[in-house]
Amino acid sequence: MAYLALYRMFRPTSLNDVVRQEHIVTVLKNQIATDRIGHAYLFCGPRGTGKTSIAKIFAAAINCVSPVDGSACGKCDVCKALKDPSNLDITEIDAASNNGVDEMRDLREKVQYPPVAGQYKVYIIDEVHMLSPGAFNALLKTLEEPPKHAVFILATTESQKIPATILSRCMRFDFKLIPQADLEARLRYVLDEIGKKYDNEAISAIARAGAGSVRDMLSIADTCVSYTSGKLTYADVNAVLGNADFSAIAALCDAVLKGDSGQAFERTENFLSAGKGVGMLLKDALNFLNACAVAKTCRDGQNILAMPSETYAQVVAVAKNVDGHRLLRVTEILAEVETSLRFSTSPRILFETAILKASMPQNDYDIEALLGRVAELEKRLDNGEFTVKDGGRVETNKASEEAMPVQKTAEKPAKVAEEPEEEIYDGYVPEEADVPPDDAFTGGYAYFDAEPVKKAPVEKKSTPAPAPAAPIKVAKSAPIGDAKSTFGLFLRSMRKIARSGVLLTLCMDLDSAYEDGIFVLYTQSETIYRSLKKEDHLALIAQACAEIGLGDGFDVRLKGKKADEFQKKVDEIKETFGGVKVDIK
């Protein structure tokens with residue numbers, strides 16, 4: 001006898017043998033027991049979840065003389081007659097290849113003839129959504145008022161393509177994806193039946209690759225069983241699935257998450273040059289990032305992922321050193337590529353561009369990327385990687401620089417000569433040259449001079465800019481009423497005295513305005529507001545404002561709806577505890 005694929009060999013023959021779908025099995029059993037058989041059923045749901053199998057079981061059961069627990073007994077004369085291939089009481093039609101009007105007209109004529117052996121004549125129309133509009137119209141009247149002996153079972157994976165007129169005439173049953181635990185139990189039963197030894201990790205990997213479909217899982221298992229004559233291992237399953245070496249994928253994702261664009265791009269090139277498909281490489285990277293998310297957020301991550309201990313240890317090693325915002329942003333970038341690949345004529349370039357974008361957070365202005373950069377700066381500051389010297393000067397610890405690679409920036413611009421002490425404000429509005437340059441922040445890390453900065457250096461550009469009409473001079477005292485000019489002077493002052501790039505980064509995104517003679521710094525983020533209101537940060541802001549002549553004439557406020565709610569709560573506390581000083585931290 002010819003070899004049967006596992007999904008055909010172990011196809012359910014009774015409703016009790018169906019994997020899950022209890023909500024459907026219970027209804028069908030009760031209908032058979034009470035003899036309340038409908039004339040039209042619609043089975044819809046993902047592929048490989050049991051639609052056609054249940055349709056065949058149900059068709060045999062409603063014709064059986066003495067059904068057993070909702071399934072055909074297989075012993076009566078009717079059951080034996082239905083097993084004969086020449087019997088036409090149960091007819092299965094593939095709508096994908098018989099989707100025209102003529103086929104449905106032929107069905108409409110044949111349905112009038114009574115069954116030969118059983119009580120019902122059952123038509124199972126698979127992939128019914130493939131019928132043409134004309135074919136649906138030809139089927140409609142028959143489906144609405146069929147002969148008493150006719151039962152229609154329509155099966156589809158895309159119910160949204162079926163006309164409403166057809167849907168309204170059917171009893172609809174929605175099939176669900178099979179949970180992984182049930183898939184693993186079914187696969188163990190199948191492998192035990194055929195005498196194949198296996199590792200539990202291999203079972204979990206095949207079930208996960210099945211993605212909720214019993215047929216997909218058994219098709220993969222069929223290949224894995226033929227791959228090795230011995231015990232089926234986790235490595236064997238990865239080899240059959242075409243997955244890249246796990247350690248190499250871990251190294252690639254680690255380089256991307258750390259912002260090492262050179263290393264990430266080099267590893268990507270090695271994969272693609274070795275013949276690895278872009279789609280499969282992207283899938284492996286997304287699976288690893290998903291595993292990192294599970295390991296980072298779930299206490300029982302190893303049991304959820306069902307990985308070998310040494311493999312899971314690699315996931316944990318990468319996950320524990322990355323911020324959640326950074327992990328989320330990298331996953332989003334690569335997930336967007338998965339959608340774009342199907343329409344791209346250059347998938348390799350598309351994927352490599354995504355890898356570069358994901359590994360260069362300093363050029364990504366998405367909110368998750370910015371939050372990840374701030375979190376990394378705070379982490380490095382807490383770990384003592386920055387040292388505060390005399391005069392408030394900040395230096396980077398050399399040991400930390402060697403431990404964590406930082407993308408190189410352009411050479412430092414030459415220092416300009418000091419300007420005279422007496423400076424006069426001439427109405428000049430500070431521009432980008434007066435605030436810290438963009439390349440002062442690379443890879444989420446702040447750039448610091450080796451010596452105290454006296455004046456903001458202006459980088460020399462390759463293309464000479466036209467010389468200004470008059471020398472640019474900035475006063476020590478801020479112009480009252482001109483918020484834009486004052487904010488520029490404030491940032492210059494902050495650059496001199498700020499002890500970390502974190503505070504300077506936060507200040508650069510603030511809005512400013514004059515209100516009742518007070519210089520007000522605004523933010524719409526409650527997190528940033530609370531950070532600026534910390535005692536040490538507020539003291540540095542006050543020092544910067546004092547240096548430009550504002551003194552105590554400044555304030556930091558929260559803007560927007562959250563600010564109104566926050567202020568309302570503060571006012572309630574002040575009113576309840578009158579006379580008590582309220583400090584916002």
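This report describes the nonpolar cores and one surface patch of a protein chain in a predicted model.

Local features need pLDDT of at least 70 and side-chain atom pairs count only at pLDDT 80 or more, while totals for chains, interfaces and linings use all residues. Residues are numbered from 1 along each chain as its sequence is written, and side-chain values use heavy atoms, with hydrogens and water left out.

The protein chain has 25 helices and twelve strands; helices (H or I, at least four residues) and strands (E, at least two) are DSSP runs, numbered from the N terminus. Of its 585 residues, 42% are buried, meaning under 20% relative accessible area, with exposed being over 50% and partly exposed in between (1.4 Å probe, protein chains only).

A nonpolar core is a set of buried Ala, Val, Leu, Ile, Met, Phe, Trp, Tyr and Cys residues joined through side-chain atoms within 4.5 Å. Two separate cores are listed here.

| Core | Residues in core | Members, among them |
|---|---|---|
| Largest | 62 residues | L187, I206, M217, F288, L334 |
| Second | 28 residues | I497, C507, I548, V556 |

The five residues named for the largest core touch the most other members. Helix α14 (residues 278–297) gives this core its largest share, eleven residues. Beyond neighbours within four places in sequence, F288 has contacts (heavy atoms within 4.5 Å) with F246, I249, A250, C253, Q314, V315 and V318.

On the surface, Y3 lies in the segment before α1 (6–9). Y3 counts as exposed because its relative accessibility is 58%.
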